[in-house]
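Me: Could you take me through one part of this structure slowly, the way you'd explain it to a first-year? I'd like to start with what sits on the surface and then see what else you'd point out.

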Amino acid sequence: DRFSDVYQAICQYLLASAKREGEIVYAVPGHPLVAEETVQLLLQQGPAAGVEIEIKGGHSFLDAVFTALKVDPVEGFILLDATRLVHAQLQPDMHQLICQVYDRFVASDLKLTLMSAYPDDYPVKLITAAGDAGQEQVRSLPLYELDRLNAYGNLTTVYVPPTRDEPVLNRCFWR
């Protein structure tokens, strides 16, 4: 019923397998340290279980998302998890990428959280399968329509553009 339980079960299975078989390989799509909760659990629980965890880098979905959006991350961005998002995490002056939007229920919760900080008609983008030439889709829509689509899955990210008109580097943050 909850992904957190699934992630914990995967972690326990992998740790038990590593103790039983010695060395195992656990491969994830993209970079293992970007939006991969099982990897974080393995890093936390591995030492106590007597299992050494070695990370090998990969290509993150972030590169493909920034390419699809034609956004330069140096302007400032924040990556958030839709399943854990709270209002206090929102940064309206920055590019915001919100991952883990895998179904309409998560999209609905996300929409309500975003509507606590943005107008109902604020423009957002839904990116699906970024980097996959045959499957990639970028849809622009008003925030209030975010949960009205049937286009969600494990490769879905929501983009919320900054509310500012000028780049971060041209703004003064002195108070």
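Reply: Let's begin with what a patch is: residues with over 30% relative accessible area and no salt bridge are grouped, and nonpolar side chains (Val, Leu, Ile, Met, Phe, Trp, Tyr) are joined within 5 Å. Keep in mind that this is a predicted model. The predictor's confidence, pLDDT, averages 87 over the protein chain, and 94% of the residues reach 70 or more. Go easy on residues 166-175, though, where pLDDT stays under 50. For that stretch the model has seven contacts beyond four places in sequence.

Now the patch itself. Phe3, Val6, Ile10 and Tyr26 make a nonpolar surface patch of about 310 Å². Let's zoom in on one of them, phenylalanine 3, which belongs to helix α1, residues 3-21. Its relative accessibility is 40%, so phenylalanine 3 counts as partly exposed.

For a contrast, try cysteine 11. With a relative accessible area of 0%, cysteine 11 is buried, because the cut-off for buried is under 20%. What about disulfides? The count comes to zero. Cysteine 11 is in no disulfide, and the nearest cysteine sulfur, that of cysteine 99, is 19 Å away. A disulfide needs two sulfur atoms within 2.5 Å, so cysteine 99 is too far from cysteine 11 for a bond. Cysteine 99 is buried as well, at 8% relative accessible area.

Next, have a look at the loops. Glutamine 100 sits in the loop between β2 (95-99) and α4, and its phi is near 70 degrees, a positive value in a residue other than glycine. Why is that worth a second glance? Most residues other than glycine have a negative phi. Alanine 129 does something similar: its phi is positive, about 55 degrees, although it is not a glycine. You'll find alanine 129 in the loop between β3 and β4 (137-142). At 7% relative accessibility, alanine 129 counts as buried.

One more loop residue and we're done. Proline 119 is in the loop between α4 (104-115) and β3 (123-128). Its relative accessible area is 44%, so proline 119 is partly exposed. To get a feel for distances, pair proline 119 with alanine 18: they are 101 residues apart in sequence and 50 Å apart in space, C-alpha to C-alpha.

Notes
Residues numbered from 1 in each chain as written. Predicted model: local features only at pLDDT ≥ 70, side-chain atom pairs only at ≥ 80, totals over all residues. Heavy atoms only, no water. Helix = DSSP H or I, 4+ residues; strand = E, 2+ residues; numbered from the N terminus. Buried < 20%, exposed > 50% of the residue type's maximum accessible area, 1.4 Å probe, protein only. pLDDT = per-residue confidence, 0-100. Contact = heavy atoms within 4.5 Å. Patch = residues over 30% accessible without salt bridge, like charges linked within 9 Å, V, L, I, M, F, W, Y side chains within 5 Å. Areas by Shrake-Rupley, 256 points an atom, 1.4 Å probe, with all protein chains shown as cover. Salt bridge = Lys/Arg side-chain N within 4 Å of Asp/Glu carboxyl O.
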